[in-house]
Amino acid sequence: MTTEQVERKIRETLHAVDLDRVRAPGDLVDKVVRRRARRRFSQVAGTVAAVAGITVGAVFGFGGGGGGEQDRPARPAAQTPEGWHPWRIDARGALDRGCLVDGAALYCSGYKFDAAKFDANTGERLWTRKAIGDGSGTSSGRPVAVRDGVLYTYGAHTAEKDPNGNYAPGTDLMAVDTGSGKVLWRVELASDNRDDQAVLLIDGAVLANTPRDRTLSAVDPRTGKVKWRHSWGKGIWCDRVVLSGVPYLLCAPETKKPGPTEVLRLDPATGRTTKVTTLSGRQQIVGTWGDRIVLTGMPARSSVVFETEEQKARTERLTVVDRTGRKTSLSYPVRGTHVARALVGDRLISVSRTGQASSYSLSTGKTLWTAPVGIKVPGSEANWPDLAEPVVSSHRNVVYFLGPDGDLSGLDADTGERIWRGHVDAGKYGGMPQTLLHGDVLIARTGSRMVSLLPGLDG
């Protein structure tokens, strides 16, 4: 690419983008090109990276932090997937419920389409799978996972209507061919619950909440036929999680006073149950850490206290259970209510209603840092939408946060220092925000709008 071609590309790109909410002068294009001409970086790799960086900075209004940024150590060079360039998608009804990244593909779901495939490098829509009815039955249910060329996602079970004209309830688990978008099979679930535990991938099967509550079925991923089932009695509820392809259940009585929680392991091939350990009180799954389950205790229903932002610091008890049943207890200091939380490796990253982010190490049992999250956190009166679940770029060592208004923040994963900020237009139709990573590329979704960008972390 010649110098003239690069300058023309910069001009075309900057003129094409929407500079709304960007603090930039009207003659930004000429200034960028003149600055570039003075520097004369004509090596091909350097020029391509510069075009991407300049473009993203202009589109999304990125800025630096405080004056100390000049002394910050240089970050590793960004790793962008081959063929990627910044893009924006406006697709109401195709991605409102959420998305997942698999290689160079992006799979989403919305009220008009049960599944939609996009090119993660260009944003091009590759195929869609139309929803049954008008899709109004539920606002949740992002795609579950992709494995061996099959996408597992949700869809309405029927287009029938009740006497009031509303679509009848019912949710199917669908297996969709990732190449063609063709539905391979459908299985009706026990309810319209589409949370993270409704369907799980295990070794050799798909574990689904079907055909009735308190029953799990291991479904053949090729045919949708049931391999085995596991059920439990009335008055007991079992949460579930997967460690290295093996499913585990955490079963406790459904009573006001929390009873003991039994941890059970299911053989993924046969469904045979083995008791691993018993924990006091009812436990809630925080996430997994390698081959360990991280849990936190749930209060008795009669003792629920509505927190205020002024509440003093308290201690949340965490329990880590490994595959053998060995337990490790940890104390996690928190203040106020969580509005976002994610377990990434051994780091528990959370944001409180007061706008403070913190990183807690499960390895050391210590809080590594607490710092302002760098974006506006919705007040206690705004129960939805909240912040997106934070994501961490391990290569660049940055944790990213996204608010429902489109504000973005990047904190150093080791210190909590804010090293980047940005903004994406949330669009006309808001919704629960979501962040995804595609290599070092950040994908930010708010409602029916999604943007792919490369944050500039060089100060």
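Arginine 347 comes out as partly exposed in this predicted model, because its relative accessibility is 24%. Its side chain doesn't sit there alone: arginine 347 and aspartate 346 meet in a salt bridge, with an N to O distance of 3.6 Å. Aspartate 346 falls on the other side of the cut-off. Buried means under 20% relative accessible area, so aspartate 346, at 18%, counts as buried. Salt bridges can also share partners, and that is what joins Arg88, Asp90, Asp425 and Arg449 into one network.

How many salt bridges does the structure hold? The count is 13. One of them pairs arginine 323 with aspartate 291, and here the closest N and O atoms are 3.4 Å apart. Both partners are found in loops: arginine 323 between strand E20 (314-322) and strand E21 (327-334), aspartate 291 between strand E18 (283-289) and strand E19 (292-297), so this pair ties together parts that are 32 residues apart in sequence. As for how open these two residues are, arginine 323 has a relative accessibility of 43% and therefore counts as partly exposed. Aspartate 291 is partly exposed too, with a relative accessible area of 25%.

Another salt bridge links the side chains of arginine 326 and aspartate 322, at 3.2 Å from N to O. Is each partner buried or exposed? Arginine 326 reaches 61% relative accessibility, so it counts as exposed. Aspartate 322 has just 14% and therefore counts as buried. In other words, this bridge runs between an exposed arginine and a buried aspartate.

Charge also shows up in another way. On the surface, Arg92, Lys112, Lys130 and Lys428 gather in a patch of positive charge. Where does arginine 92 sit along the chain? This residue belongs to the loop between strand E1 (87-90) and strand E2 (98-102). Its relative accessibility is 42%, which means that arginine 92 counts as partly exposed.

Threonine 153 gives quite another picture. This residue is part of strand E7, which covers residues 150-156. Its relative accessibility is 0%, so threonine 153 counts as buried. What lies 3.5 Å from a polar atom of the threonine 153 side chain? It's the backbone oxygen of aspartate 114.

Note on methods:
Residues are numbered from 1 along each chain as its sequence is written. This is a predicted model: local features need pLDDT of at least 70, side-chain atom pairs count only at pLDDT 80 or more; totals for chains, interfaces and linings use all residues. Side-chain values use heavy atoms; hydrogens and water are left out. Patches are made of residues with over 30% relative accessible area and no salt bridge: like charges are joined within 9 Å, nonpolar side chains (Val, Leu, Ile, Met, Phe, Trp, Tyr) within 5 Å. Accessible areas come from the Shrake-Rupley method with a 1.4 Å probe; for residues, only the protein chains shown count as cover. A salt bridge is a side-chain nitrogen of Lys or Arg within 4 Å of a carboxyl oxygen of Asp or Glu. Lys and Arg count as positive and Asp and Glu as negative; His and the chain ends are not counted. The place of a charge is taken as NZ of Lys, CZ of Arg, CG of Asp or CD of Glu. Helices (H or I, at least four residues) and strands (E, at least two) are DSSP runs, numbered from the N terminus. Buried means under 20% relative accessible area, exposed over 50%, partly exposed in between (1.4 Å probe, protein chains only). A polar contact is a pair of N or O atoms within 3.5 Å; within protein, one must be able to donate a hydrogen and the other to accept it, and residues adjacent in sequence count only if both atoms are side-chain atoms.
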